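New to this one? Have a look at the model below, and then we'll walk through its rings and its nonpolar core.

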Amino acid sequence: MDYYLGDGRSRALPSIVNLNITTVCNLKCPFCFNNDILGKRKELSTEEMLDLVDQLAGYRSGLFLTGGEPFARKDIYEIIEHAKKRGMPVGCVTNATLFTEEKVKRLREIGLDVVIISFHGTEEAHDKAVVMKGAYKKTMAALDWFRKYWPAPGPMINYVITPESLPHLSDFMKELDGRDNVAVRLSHLNFVTPEEAEQNADYWMRNFGEGPDKLLHYQYEPSDGLYEPILRNLREHEELFTKPVLSENDMKNWYSPHFNLKRRCVFIWRSTYINSDGDVYPCQFLYIKMGSVKEKKIHEIWNGERYRRFRALLREGLTPGCSRCCKL
């Protein structure tokens, strides 16, 4: 594996490209890791998006579409269809409030491979979390359409763990009774403490010569015990799984103020993150710009000197800002 070469070089383009197709979103989730850039970035044109797909298709990369809300972008169906015609696997994450049954059928016909739908609790809690009355009913209706038209294992629910959503997890699972052909994933809260954010900025200035444009947006002061209802639900529902996968001890550690998870980051050797304006970052949680696809081809950026230097530094160990990342 290229990770062990030590010089930060990767032999090929990433196997998965996370493309933030738009920073526009119709919801206002306060815990969103892109909350501070929503609606504030320009977007690549349709032609630029299709050219990027062509560059990636030559290296057999997969494409995962994020946002904002990906389906707030009008040409998303055209982009997905083009990628599928080029032989690329395509997935997306969505709040699923903008679908009709016909749009879901169209996505199935185009060949979208994976759809992940976000939930934040039962109806009242979900609507409050996303700051939109009626959002839960729209999202649940879309879930049922995807269940109807997608082959097994069907769509995936991404239940985002926050202190506000966790008390509703058991009741939410009851609402899924009888809904087959759906996978349910618990997404651990991705956060840094204020102290870790300060330490992270200092780390990058000392070791890379500059700090990140932004770090993971959500800051939280953990308290021992938040993990207990997670463990209880995992025991009660065998179909549940988590991202990242954590042992019981690691989970206690994750939600503790005394965090110390001994893992390595290999994500930056096999995946990358491209923002809606074409800027390329190692991941969506650490904004240190590696280049722009408006100025260079993606393969030039992927193994450029700056990217290699970044990988070599991360190979020495996780930074304070990488603490609780879902990619670990």
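## Rings and core

Phe146 is buried, with a relative accessible area of 0%. Keep in mind that this is a predicted model. Trp150 is buried too, at a relative accessible area of 5%. Both values fall in the buried class because that class takes in anything under 20%.

These two residues also form an aromatic pair with each other, and the pair is edge-to-face: the ring centres are 5.0 Å apart, with 65 degrees between the planes. In total, the model has 14 aromatic pairs. Zoom out a little and you'll find Phe146 and Trp150 in a cluster linked by ring pairs, together with Phe71, Tyr77 and Phe99.

Trp150 has a charged partner as well: the charged end of Arg108 sits over its ring. Arg311 does likewise with the ring of Trp302. Here are the two cases:

| Charged residue | Ring | Distance to ring centre |
|---|---|---|
| Arg108 | Trp150 | 5.7 Å |
| Arg311 | Trp302 | 4.2 Å |

Now for the core. In soluble globular proteins, nonpolar side chains tend to be buried together. Which residues touch the most other members of the largest nonpolar core? They are Leu63 and Tyr255, in a core of 88 residues. Helix 1 (residues 46-57) supplies the largest share of this core, with six residues.

Leu63 is worth clicking on: leaving out residues up to four places away in sequence, its contacts include Val17, Leu19, Val53, Leu56 and Met88. Apart from the largest core lies another one, made of five residues, among them Cys29, Val130, Met132 and Ala135.

How values were computed
Residues are numbered from 1 along each chain as its sequence is written. This is a predicted model: local features need pLDDT of at least 70, side-chain atom pairs count only at pLDDT 80 or more; totals for chains, interfaces and linings use all residues. Side-chain values use heavy atoms; hydrogens and water are left out. Rings of Phe, Tyr and Trp (its six-membered ring) pair if their centres lie within 6.5 Å; planes under 30 degrees apart count as stacked, over 60 as edge-to-face and the rest as tilted. Buried means under 20% relative accessible area, exposed over 50%, partly exposed in between (1.4 Å probe, protein chains only). A charge sits over a ring if NZ of Lys or CZ of Arg is within 6 Å of the ring centre and within 35 degrees of the ring normal. A nonpolar core is a set of buried Ala, Val, Leu, Ile, Met, Phe, Trp, Tyr and Cys residues joined through side-chain atoms within 4.5 Å. Helices (H or I, at least four residues) and strands (E, at least two) are DSSP runs, numbered from the N terminus. Contact means heavy atoms within 4.5 Å.
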